[in-house]
Amino acid sequence: MIHFYYGYGKGKTSSAVGLGMRANGAGLKVLFVQFLKDNKSSELNAVPFEVFTAPDKLPFNPSKEEYQPWVDLALDAVSHSDCDLIILDEFADVINSFIPMDYALKVLDTLTDKEVVITGHIEFNELVEKADYVTHFGSVKHPYTKGVKARKGIEY
């Protein structure tokens with residue numbers, strides 16, 4: 001089944017990692033792929049499952065030329081994974097900028113024997129329709145709006 005966690009509220013990645021921890025605890029193999037994030041997210045230090053690591057020096061807004069080769073490698077790894085659960089963190093945010101929607105849907109169609117979690121900010125009707133679980137994360141209040149920067153161990 002496909003899970004789609006989207007919105008601008010806090011907790012999408014944490015929820016996906018939590019599901020990964022549960023699956024791992026039940027003996028399932030898990031693959032975690034983070035798009036548009038560098039390797040500094042603290043959850044990477046704690047997860048007991050396979051992580052497809054991001055490029056070492058990822059600019060804040062990478063260009064298609066510098067980031068597309070890694071996206072292609074990540075999608076190839078996903079398509080050939082023997083894991084039971086695949087977490088595609090921030091996957092929705094690379095659709096249409098690095099991955100055409102039709103290709104993203106084709107990749108998901110190859111994973112019918114897997115549990116897949118997709119996170120991201122952007123709500124796509126195509127993903128809402130395709131997913132079995134859809135959860136919207138909305139922020140009511142966040143310190144970022146008061147100028148508080150992301151804190152290690154809390155936001156990353």
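**View 1. Trp-70 and Phe-35 meet edge-to-face.** In this predicted model, Trp-70 counts as buried, at 10% relative accessibility. Phe-35 is buried too, with a relative accessible area of 0%. The two ring centres lie 5.6 Å apart. Their planes stand at 75°, so the pair is edge-to-face, because planes over 60 degrees apart fall in that class. The partners come from distant parts of the chain. Phe-35 sits in the loop between β2 and β3, while Trp-70 belongs to helix α2, residues 64-79. The separation is 35 residues.

**View 2. One aromatic cluster takes in Phe-35 and Trp-70.** Which other residues join Phe-35 and Trp-70 in the cluster? They are Phe-52, Tyr-67, Phe-91 and Phe-98.

**View 3. Phe-32 pairs with Phe-49.** The count of aromatic pairs comes to eight. One of them joins Phe-32 and Phe-49, again edge-to-face. The centres are 6.2 Å apart, and the planes make 80°. This pair also links distant parts of the chain, 17 residues apart. Phe-32 lies in strand β2, residues 30-34. Phe-49 lies in the loop between β2 and β3, the latter strand being residues 50-52. Are these rings buried or exposed? Phe-32 is buried, with a relative accessible area of 0%. Phe-49 is buried as well, at 9%. Both count as buried because their values are under 20%.

**View 4. Six strands form an open sheet.** Strands of a sheet pair through backbone hydrogen bonds, either parallel or antiparallel. Here the pairing is parallel. The strand order is β3-β2-β4-β5-β1-β6. Which strands lie at the edges? They are β3 and β6, the latter spanning 133-137. Each pairs on one side only. Neighbouring strands are turned by 15° against each other on average, direction ignored.

**View 5. Strands β4 and β5 run in parallel.** Strand β4 covers residues 85-89, and strand β5 covers residues 115-120. How many bridges join β4 and β5? There are four. Ile-87 stands opposite Val-117, a residue of β5.

**View 6. Helices α1 and α2 meet the strands.** Helix α2, home of Trp-70, packs on the sheet and touches β2, β3 and β4. The direction of α2 makes about 165° with that of β2. Helix α1, residues 12-25, lies across β1, β2, β4, β5 and β6. Strand β1 spans 2-7, and α1 runs at about 155° to β1.

Key
Residues numbered from 1 in each chain as written. Predicted model: local features only at pLDDT ≥ 70, side-chain atom pairs only at ≥ 80, totals over all residues. Heavy atoms only, no water. Phe/Tyr/Trp six-rings, centres within 6.5 Å; stacked < 30°, edge-to-face > 60°. Helix = DSSP H or I, 4+ residues; strand = E, 2+ residues; numbered from the N terminus. Buried < 20%, exposed > 50% of the residue type's maximum accessible area, 1.4 Å probe, protein only. Pairing = 2+ DSSP bridges. Axes fitted to C-alpha atoms, helices over the stretch in contact; angles between N-to-C directions. Contact = heavy atoms within 4.5 Å.
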